[in-house]
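Here is a short briefing for a reader new to this structure. Take a look at the model first, then read on by topic.

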Amino acid sequence: MKKYDVHVDASNLERVEEILRNVPGGFETAVRQSLIRARDHLWTMSSREAQKEYAISPSNLRAERNARMTYRYYPGQGVEASVDFMGNKISLLKFDGSTPKHRVDQAKTVIVRTSKTYPTTKNGMTPVHPSIAAKGHQYRGTAATKFNNAFVAKMSNGHEVIFEREKGKTRFDVNLPINQMMGGAFPQMVGNEEVREELRRDAVDTMEKRLNHEVDRILKGYGMR
């Protein structure tokens, strides 16, 4: 989880509060709406920052991110807002260049020892069609890596992901445990402290610009419920 702190100085807010003092709830609405715009802008810019290094589409990245915004107004001091970006690690299959996108079985069978998944033949051996080895990577400018012990499969919830089977005496042994292969999480993809500080300053600028816009809308009779 990465936290961005946004602060708007008191002088600008006092000016807005004075302008809207005869509009019930006007000041609170203007601050709330401008902060929402700043948060949305921060989402957009942080996503673009993540995509500079990570090979993932905007739609796949959007589906894996989440944000929570809280703010407080201190009369005479200003507004302090925190935006927490959250998200779990993203399935490696969702990154660009990961293949195959769906499970594909090889045409030729191999003989494996198994006693759980398939009916066994004599001496505990059975022919199976192993899935084609999966490939994947996270970073732009890198080639996808082939994982001989990894394959694409569909989980019980319907999502298709890349699993890697733990290595054993035979790589096709279906009794060996499997683990889902994951990439990075959205918060760690955003960038280093210098990048986050730049994003924070940009959010502050957006907040102040939108604050003036929201004041104008409210004075014209818009934006109030």
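A residue is called exposed when its relative accessible area is over 50%, buried when under 20%, and partly exposed in between. Lys220 has a relative accessible area of 56%, so it counts as exposed. The model is a predicted one. Its chain has a mean pLDDT of 83. The points below cover confidence, charges, salt bridges, one unusual peptide bond and some contacts across the sequence.

**Confidence**

- Of the residues in the chain, 87% reach a pLDDT of at least 70.
- Confidence peaks in strand S7, residues 134-136, with a mean of 94.
- The lowest mean, 68, belongs to strand S5, residues 110-113.

**A negative patch**

- Four residues make up a negative patch on the surface: Asp9, Glu14, Glu17 and Glu28.
- Glu14 sits in helix H1, which spans residues 10-19.
- Glu14 has 41% relative accessibility, so it is partly exposed.
- Asp9, a member of the patch, also has a partner far along the sequence: Tyr74 is 65 residues away, yet the two C-alpha atoms are 10.0 Å apart.
- Tyr74 belongs to strand S2, residues 66-74.
- Tyr74 is partly exposed, because its relative accessible area is 26%.

**Salt bridges**

- Side chains of opposite charge can pair when their charged atoms come close.
- How many salt bridges does the structure hold? The count is 9.
- Glu18 pairs with Arg21, and their closest N and O atoms are 2.7 Å apart.
- Glu18 is partly exposed at 48% relative accessibility.
- Arg21 is exposed, because its relative accessible area is 56%.
- Arg39 and Asp40 form another salt bridge, with 3.2 Å between the closest N and O atoms.
- Asp40 shows 29% relative accessibility, so it is partly exposed.
- Lys220 and Asp216 also meet through their side chains, at 3.2 Å from N to O.
- Asp216 has a relative accessible area of 36%, which means it is partly exposed.
- Glu197, Arg200 and Arg201 are joined into one network by salt bridges that share partners.

**A cis peptide bond**

- Most peptide bonds are trans.
- Which two residues are joined by a cis peptide bond? They are Thr99 and Pro100, and omega is about -15 degrees.
- Pro100 lies in the loop between strand S4, residues 89-91, and S5.

**The loop between S4 and S5**

- Lys101 is found in this loop between S4 and S5.
- Is Lys101 buried or partly exposed? Its relative accessibility is 41%, so Lys101 counts as partly exposed.
- Lys101 and Ala134 are 33 residues apart in sequence, and their C-alpha atoms are 9.0 Å apart.
- Leu92 is also in the loop between S4 and S5.
- Leu92 is buried, because its relative accessible area is 6% and the cut-off for buried is under 20%.
- Leu92 and His137 are separated by 45 residues in sequence, with 7.2 Å from C-alpha to C-alpha.

Conventions
Residues numbered from 1 in each chain as written. Predicted model: local features only at pLDDT ≥ 70, side-chain atom pairs only at ≥ 80, totals over all residues. Heavy atoms only, no water. pLDDT = per-residue confidence, 0-100. Helix = DSSP H or I, 4+ residues; strand = E, 2+ residues; numbered from the N terminus. Patch = residues over 30% accessible without salt bridge, like charges linked within 9 Å, V, L, I, M, F, W, Y side chains within 5 Å. Areas by Shrake-Rupley, 256 points an atom, 1.4 Å probe, with all protein chains shown as cover. Lys, Arg positive; Asp, Glu negative; His and termini not counted. Charge placed at Lys NZ, Arg CZ, Asp CG, Glu CD. Buried < 20%, exposed > 50% of the residue type's maximum accessible area, 1.4 Å probe, protein only.
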